[in-house]
Amino acid sequence: MLRTQSSGPGSFADFDLSRVPSPCFVVDEARLRQNLEILRGVSATADTKILLALKAFAMWSLAPLISEHLSGTVASGLWEAKLARKHFGGELATYAPAFKTSEFDEIAALSDHIVFNSPAQIGRFSNRALAAKADIALRINPEHSEAEIALYDPCASGSRLGYPISQIETLPDGLTGMHLHNLCEQGLEPLKRTVEAVRPFLEAHKGGYRWLNLGGGHLVTRNDYDRGGLIELLQELRADLGVDLYIEPGTAIGFDAAILVGEVLDVTENQGLVGITDISPTCHMPDVIEAPYRPALLGEDGDVNVRLGGASCLSGDIIGDYNFAAAPKSGQRIAFLDQAHYTMVKTTTFNGAHLPALAIWNSETDALRIIKEFDYEDFEGRLS
Ligand SMILES: Cc1ncc(COP(=O)(O)O)c(C=O)c1O
């Protein structure tokens, strides 16, 4: 079981949950701006470009704010690349474990950098990437695990993500960049160990690439992250290898900047209190089941234990066990913390569950905008 990384409710402690429809993701743009300012500071001091991994957080209505602070975005394929070019500014790097021949030219035309997963993919597509004036990079697999669980470990045995460094003798022709990613919501120490593990490979091929991207998973915006140490490490690496540096976090951008508001629909009893809510983890925050992890509940307090779950048919559609001051009543609003990343990009309408509305709140001005509500047509439109 993973721990939630949330540092607490922050300004959401004062947010009136009845101001939004239910369910609803509420993003605090003031907190998002604080995260972005931290990242911009690190980027400037460490002379390292920071790109937003759209797979984690792709709320394009906030793209102007994000693009003001970061150097660009990272896409996982054609549709994210199109979204990036339409809404976000800066550089665009596209990585996929394998590219589809039919989509490649469009991806290359949109992207500044194409990160390939293997020398064979480079062999197949490099001419087309160069014709589109896109940089060519290779994602290496550092064969050094740091993630706590295999589900989130790109270096787990048999991984398809990145080319194992033990299999690389010479670098493919035409390479401009080198990419690696093996962390997941982690601090500086795992990154330092990774760099040490991969350093002999990077040194051996020095001069064969002009930039190095250290992937995502760096929780730089958490208060206890050693940002000074990160800056030192990046400066040292840059000088040692003579390359430009990138990192591409996703989680760190939206960290603790959003809640998911829901409503208790009913409370039943089966060896304890069971609360059924309009938040379905399988539909709205699937990592709760997949990781699994227990998201923090806003204002959790008291000694009445209630197991909360969704209104779907899935037996395991359970959020977790939570303490309330009194048994919750039907209609009572609840909210889970730190729900910006890997949530709204992953929602589904399984069981006809409603997609949460999207709202932007500013905790400094108290301005609230409901920017999107979904309806029956969104559900029907994805089926035929
Ligand atoms: C290649 C790559 N880059 C960046 C990220 C973003 O990671 P995070 O959101 O943990 O910072 C991921 C996450 O899976 C990834 O696979």
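Glu 236 is partly exposed in this predicted model, with a relative accessible area of 35%, and its side chain meets that of Arg 199 in a salt bridge, with 2.9 Å from N to O. The pair links distant parts of the chain, since Arg 199 belongs to helix H6 (residues 188-204) while Glu 236 belongs to helix H7 (residues 227-241), 37 residues apart. Arg 199, for its part, is buried, with a relative accessible area of 13%.

Helix H7 also carries Asp 240, which forms a salt bridge with Lys 206 in the loop between H6 and strand E9 (211-213). In this pair the closest N and O atoms are 3.7 Å apart, and the two residues, separated by 34 residues, again link distant parts of the chain. Asp 240 is partly exposed at a relative accessible area of 23%, and Lys 206 likewise counts as partly exposed, at 41% relative accessibility. Both pairs belong to a network of salt bridges in which Glu 196, Arg 199, Glu 203, Lys 206, Glu 236 and Asp 240 are linked.

The structure holds 24 salt bridges, and one of them joins the side chains of Glu 68 and Arg 33, at 3.8 Å from N to O. Here too the pair links distant parts of the chain, with Glu 68 in helix H2 (residues 63-69) and Arg 33 in helix H1 (residues 29-46), 35 residues apart. Glu 68 is partly exposed, with a relative accessible area of 48%, and Arg 33 is partly exposed as well, with a relative accessible area of 35%.

Charge also appears in another arrangement: Glu 373, Asp 375, Glu 377 and Glu 380 gather on the surface in a patch of negative charge. Of these residues, Glu 377 lies in helix H11 (residues 376-381), and Glu 377 counts as exposed because its relative accessibility is 52%, where exposed means over 50%.

The cysteines remain to be considered. A disulfide requires a pair of cysteine sulfur atoms within 2.5 Å, and by this rule the count comes to zero disulfides. Cys 155 does not form such a bond because its sulfur is 12 Å from the closest cysteine sulfur, in Cys 184, which is too far. For Cys 283, the closest cysteine sulfur is that of Cys 313, and at 9.1 Å this is also too far for a bond. Cys 155 counts as buried at 11% relative accessibility, and Cys 283 is buried with a relative accessible area of 0%.

How values were computed:
Residues numbered from 1 in each chain as written. Predicted model: local features only at pLDDT ≥ 70, side-chain atom pairs only at ≥ 80, totals over all residues. Heavy atoms only, no water. Patch = residues over 30% accessible without salt bridge, like charges linked within 9 Å, V, L, I, M, F, W, Y side chains within 5 Å. Areas by Shrake-Rupley, 256 points an atom, 1.4 Å probe, with all protein chains shown as cover. Salt bridge = Lys/Arg side-chain N within 4 Å of Asp/Glu carboxyl O. Lys, Arg positive; Asp, Glu negative; His and termini not counted. Charge placed at Lys NZ, Arg CZ, Asp CG, Glu CD. Helix = DSSP H or I, 4+ residues; strand = E, 2+ residues; numbered from the N terminus. Buried < 20%, exposed > 50% of the residue type's maximum accessible area, 1.4 Å probe, protein only.
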